[in-house]
2 protein chains.
Amino acid sequence: MIGISQIGTYIPETKVSNLDLLQKFDVSKDFIQEKIGVLHRARKGPEQKSSDLCINAFDDLKNKVSVNIDEIECCVVVTQNPDFNIPHTSAIVHGKLDLPENCASFDISLGCSGYVYALSIVMAFMQANGMTKGLLFTADPYSDIVDENDKNTALLFGDAGTVSLLESSATLIPLSFDFGSKGKGYKGLMNEEKLYMNGRAVFGFSATVVPASIRKLLSKLNIAKENIDRWYLHQGSRYIIDTIVQRLELDENKVVFDMYEYGNTVSSSIPMLLSKDIDSLRPGEKIALSGFGVGLSWSSAIFEKTN
Amino acid sequence: MIGISQIGTYIPETKVSNLDLLQKFDVSKDFIQEKIGVLHRARKGPEQKSSDLCINAFDDLKNKVSVNIDEIECCVVVTQNPDFNIPHTSAIVHGKLDLPENCASFDISLGCSGYVYALSIVMAFMQANGMTKGLLFTADPYSDIVDENDKNTALLFGDAGTVSLLESSATLIPLSFDFGSKGKGYKGLMNEEKLYMNGRAVFGFSATVVPASIRKLLSKLNIAKENIDRWYLHQGSRYIIDTIVQRLELDENKVVFDMYEYGNTVSSSIPMLLSKDIDSLRPGEKIALSGFGVGLSWSSAIFEKTN
């Protein structure tokens, strides 16, 4: 079975401080810290594109684990801010990394639910085609589309890229997934010329569907929530995480939170968190992941560390 | 195992005649007919978006087979011309068709290789998650991005949409797939503000990789090419199909060709062809599919009609 063996990440060095914007948006430091949960936002250079964030994340991966380029059979990028609409960004990454010709490459267009969705999509695709090593990238730089004067979005999003090495020999493997869509609500989060978010609608949606999705998964696997060792929820905002934790009555010590210093990085948020913990997971431990947002869309999963 | 049970298609009624453009581009009728292979190009209305092409294809599907919306567990759109970059077009289609909340929805960004790739991706995803009924859409309207004065692209592309009903009970099932990428060549076909194509580069690429990919698949399955009953090659142009047929020494009577009246419809070209034949395939017959283009990218498959 295919699992996650390692994760590389990239956060741009440049940070924009939300603390400098309290007056502009008439908000308090408490609001920035307790509700939004973002003190500084990571900001890529204007010349950096999604494929560059992917390549930088791959450099980090190579520092953690030896990767033989010639063995990679699958290269997938999750993004809704591709370098170009044509070609797919995974083709550009394929070229930049000099991946072999028999390496399948495609992009998945999903937002904040994208990483968890893509884990299932790519693992299933690899398994069905007898592939043993693949790269799953996330890179969705919202700094290119956010209106810096829009209070609903300007304080929230940060840029980042990640890459997960998926291998048949990995020991962090999926037990089950849950997926869902509320397409009728798609206007809650969309990009025509600039990003638009109906914060209240997206919050209400997330606070309802995520607890339900997680309960459904736990029930399907017949696992009590107390037996989940760590919770990796999409870092939408401090407030939405607190709300989900409260509604599910989770042990706060098991809920990972880390967005103060870079922001909501869309499909990169969960692999960003997981990259810090993956080496310390112990055999038998179970973790839960849940992504939610653009679509409106959600995806949850429970993984187990084996061996 | 998941297979294809039926295909709905949509071709816009409006056609643009290439025969009216002989003088403008200084080409002969013979060239239009024998090399390009497109006499008329299907053209959507300026207000029609990819999701509209999908919905129209779904209407056609419903005329062919009864579809219970509440049973659909998966809704995937292949496109590189989405309604918006955010959200994914599958979310909009999900909303318009009133699909259930437990229906997974995502987009795959690929061009002319997209349908064959997506068959594997979606079938594997459905299988891994125990899903029994899914909809796979293709819609990539190039009329929005083609420069009408660019001889390399203006005579070639047509608009269309298709939807394939994928079901665990279907009898047209995959035997094996082959995938590949030449990311270093991505500039051969790309869209910054308008579509750009290096026709010679894309032709040379396709004429090389497609025969190799098909030979590889036949050899893997230990099937002689004479035992393939029908060939469905991406309708890139009359000339590229003739070249591939020649290089593989295929029986021309078994090679489906049909783009004169609507053009190269990108990821819709293969399901457009297959939709006309799917009801007449006989048990035991084997068919080969191969898509190639944007990326640069290719994907081939061999399917068998069972029962």
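These legends go with close-up views of a predicted model.

**View 1. How the two chains are related.** Lay chain A on chain B and you get an RMSD of 0.0 Å, using a turn of 180 degrees and a shift of 0.0 Å along the axis. That is why we can talk about a two-fold axis here. Both copies use the same surface, too: 100% of the contact residues of chain A recur in chain B.

**View 2. The contact between chain A and chain B.** Here 48 residues from chain A meet 48 residues from chain B. On the chain A side, helix 4 (89-96), strand 5 (104-109), helix 5 (114-128), strand 8 (172-181) and strand 9 (189-191) each chip in at least two residues. Which of the elements of chain A gives the most to the side that touches chain B? Helix 5 of chain A does, with 7 residues. Sort the side of chain A that touches chain B by class and you find 24 nonpolar, 19 polar and 5 charged residues.

**View 3. Strand 5 meets strand 5.** Zoom in on strand 5 of chain A and you'll see 3 bridges joining it to strand 5 (residues 104-109) of chain B. The two strands run antiparallel. What stands opposite I108(A) in strand 5 of chain B? It's I108(B).

**View 4. Two domains within chain A.** The domain assignment splits chain A into domain 1 (3-167) and domain 2 (172-305). Taken over C-alpha atoms, the centres of these two domains of chain A are 17 Å apart. Their contact takes 45 residues from domain 1 of chain A and 43 residues from domain 2 of chain A. Several elements of chain A each supply at least two residues of the domain 1 side, among them strand 1 (3-10), helix 2 (29-36), strand 6 (133-139) and strand 7 (161-167). Helix 5 of chain A gives the most to that side, with 7 residues. Domain 1's side of this contact in chain A divides into 22 nonpolar, 17 polar and 6 charged residues.

**View 5. Inside the largest nonpolar core.** This core has 199 residues. Those with the most contacts inside it are V122(A), F137(A), V122(B) and F137(B). As background, nonpolar side chains tend to be buried together in soluble globular proteins. Take V122(B) as a close-up: leaving out residues up to four places away in sequence, V122(B) touches C74(B), V76(B), G134(B), L136(B) and L166(B).

Conventions. Residues are numbered from 1 along each chain as its sequence is written. Chains are lettered from A and ligands numbered from 1 in the order in which they are written. This is a predicted model: local features need pLDDT of at least 70, side-chain atom pairs count only at pLDDT 80 or more; totals for chains, interfaces and linings use all residues. A nonpolar core is a set of buried Ala, Val, Leu, Ile, Met, Phe, Trp, Tyr and Cys residues joined through C-beta atoms within 7 Å. A residue is buried if 20 or more other C-beta atoms lie within 10 Å of its own, exposed if 12 or fewer, and partly exposed in between; C-beta atoms are placed from the backbone. Two residues are in contact if their C-beta atoms, placed from the backbone, lie within 7 Å. Copies are superposed by least squares on the C-alpha atoms of residues with pLDDT of at least 70 in both. Helices (H or I, at least four residues) and strands (E, at least two) are DSSP runs, numbered from the N terminus. Ala, Val, Leu, Ile, Met, Phe, Trp, Tyr, Cys and Pro count as nonpolar, Asp, Glu, Lys and Arg as charged, and the others, Gly among them, as polar. Two strands pair if DSSP finds at least two bridges between them. Domain bounds come from an automatic or database domain assignment.
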